[in-house]
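Trainee: I would like a close look at one part of this structure, followed outward to whatever it leads to. Please take it slowly and give the reasons as you go.

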Amino acid sequence: MLYIDIHTHKIKCAQNPSLSVLNVFPADISSVSKSKFVTLGIHPWYISEAEANLKTLSEYVFLPNVIAVGETGLDKLRPDFEKQIDVFRAHIRIAQQVHKPLIIHCVRAYQDVTELLLSEKFELPVIFHWFSGSPQLAKQLTDKGWFLSFGQSLFDLESKTVRAFKAVPLEFIFFETDDSDYEISEIYEQAAFLRNCTAENLSDSISKNFQLFFQR
Ligand SMILES: [Zn+2]
C-alpha cells in the first residue's frame, strides 16, 4: 500500500512505498531535485521579503514537479495581517495563472481565507493543511469542495480536530507529517484506529483523492 504525505518540510528517507510532497520556500527551490514532488510558496510567517520571493515563485512555478502553490495563507496569531492578505492574494492569482492547486496554512482566519478564495473566484482544488478546527468548520469547508489534511493533531484524542476527522467524508481527506517527528505510516495507522477501518482502506481513498486533486 502507498502512504501519501501531502505536506512535509523534511526531506525524508521514509519507508517505502511512500510518496511525499515537499514544501519549499521560493529562495530554496534551486537546490531541490527536479524529480521530487514539491509545493512552492511563501508561508505567512515569512513575508518580510515577499516581493523578491514572489518573483522567484513566478519563475519556478511552471516546473512540472511543482504540483501546487503554497503553503500560503493567513495567520491571525502573526503580525502584518494586511500584508499577509496581499501576499496570499498574489499566490491565489499565480495559482490561477498556471492552473495549479493551492495548499493553505490558516490559523484563526478561515472566514478571511474563504472570502478571498471566493472573491478571487478560485475554482481549482484547495487543501487546508494541518486542519485543526471543529466538525462544523470542517463541514463548511468540505461543502465547498475543499480538502482537509490531518496530521499530528489526530493523536490528541480529546481535541475537536479528532471529532472533525471522524465526520469528514473520506473523499476530502489527506494526511501529512508537516514538521512533526511522526512517520506518515504512523499518521495513517492512527487515522485508521479513529475511523475503525484499516490503513489499507485509507490508502485506497487517499490515492484516489491525490489523482483527482492533481489531475484537474
Ligand atoms: Zn507546513
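**An aromatic ring and its surroundings**

Mentor: Start with the ring of Phe165: the charged end of Arg195 sits over it, 5.3 Å from its centre. Keep in mind throughout that this is a predicted model.

The ring of Phe165 also has an aromatic partner, Phe150. Their ring centres are 5.0 Å apart and their planes meet at 65°, so the pair is edge-to-face. The cut-off behind that word is a plane angle over 60 degrees. As for where the two rings come from, Phe150 belongs to strand 7 (residues 147-150) and Phe165 to helix 5 (residues 160-167), so the pair ties together parts that are 15 residues apart in sequence. Both Phe150 and Phe165 are buried.

The pair belongs to a wider group. Phe150 and Phe165 are members of one aromatic cluster, whose other members are Tyr3, Tyr110, Phe128, Phe131, Trp146, Phe175 and Tyr188. Over the whole structure, a search finds 16 aromatic pairs. A charge over a ring turns up elsewhere as well: the charged end of Arg78 sits over the ring of Trp45, 4.0 Å from its centre.

Next, consider the stretch of chain around Arg195. Helix 6 is made of residues 184-195, and Ala192 has its place in that helix. With a relative accessibility of 4%, Ala192 counts as buried, because the cut-off for buried is under 20%. Setting aside neighbours within four places in sequence, Ala192 is in contact with Cys197, Thr198, Ala199 and Leu202. Not every residue is a neighbour in space: between Ala192 and Val66, 126 residues apart in sequence, the C-alpha distance is 30 Å.

After helix 6 comes a loop that leads to helix 7 (199-215), and Asn196 lies in it. Asn196 is not a glycine, yet has a positive phi of about 60°. Its relative accessibility is 74%, so Asn196 counts as exposed.

On the other side of helix 6, the loop between strand 8 and helix 6 holds Asp178. Phi of Asp178 is also positive, near 50°, and this residue is not a glycine either. Asp178 leads to the zinc ion. The protein donors of this ion are His7 (NE2), His9 (NE2), Glu71 (OE) and Asp178 (OD), at 2.1 to 2.2 Å from it. Along the chain, the donors follow the spacing H-x1-H-x61-E-x106-D. His9 is in the loop between strand 1 (3-8) and strand 2 (18-24), while Asp178 is in the loop between strand 8 (173-175) and helix 6, so these two tie together parts that are 169 residues apart in sequence.

What arrangement do the four donor atoms make around the zinc ion? Their angles run from 85 to 173°, which makes the arrangement irregular. To count as tetrahedral, four donors need all angles between 85 and 135 degrees. For reference, the ideal angle for four tetrahedral donors is 109.5 degrees.

The donors also vary in how they are covered. His9, at 33% relative accessibility, counts as partly exposed, whereas Asp178, at 11%, counts as buried. Glu71 is found in strand 4, and a cis peptide bond with omega of about 5° joins Gly70 to Glu71.

Strand 4 (66-75) leads on to helix 2, since strand 4 is among the elements that cover the buried residues of that helix, along with helix 1 (50-60), strand 5 (102-107) and helix 3 (110-119). The buried residues in question are Phe81, Gln84, Ile85, Val87, Phe88, His91, Ile92, Ile94, Ala95 and Val98. Helix 2 (residues 81-98) has 18 residues, which at 1.5 Å a residue should span 26 Å; the end C-alpha atoms are 26 Å apart, so the two agree. Just after helix 2, His99 takes a positive phi of about 60°.

One residue shows the covering from the other side. Leu54 is placed in helix 1 and is buried, with a relative accessible area of 18%. Not counting residues up to four places away in sequence, Leu54 touches Ile42, Ala90, His91 and Ile94. Between Leu54 and Ile85, 31 residues apart along the chain, the C-alpha atoms are separated by 14 Å.

Note on methods
Residues numbered from 1 in each chain as written. Predicted model: local features only at pLDDT ≥ 70, side-chain atom pairs only at ≥ 80, totals over all residues. Heavy atoms only, no water. Phe/Tyr/Trp six-rings, centres within 6.5 Å; stacked < 30°, edge-to-face > 60°. Helix = DSSP H or I, 4+ residues; strand = E, 2+ residues; numbered from the N terminus. Buried < 20%, exposed > 50% of the residue type's maximum accessible area, 1.4 Å probe, protein only. Lys NZ or Arg CZ within 6 Å of the ring centre and 35° of its normal. Donors = N, O, S within 2.8 Å, 3.2 Å for Na, K, Ca; no water. Tetrahedral: all angles 85-135°; square planar, octahedral: opposite > 155°, others 65-115°. Expected span 1.5 Å × (residues − 1). Contact = heavy atoms within 4.5 Å.
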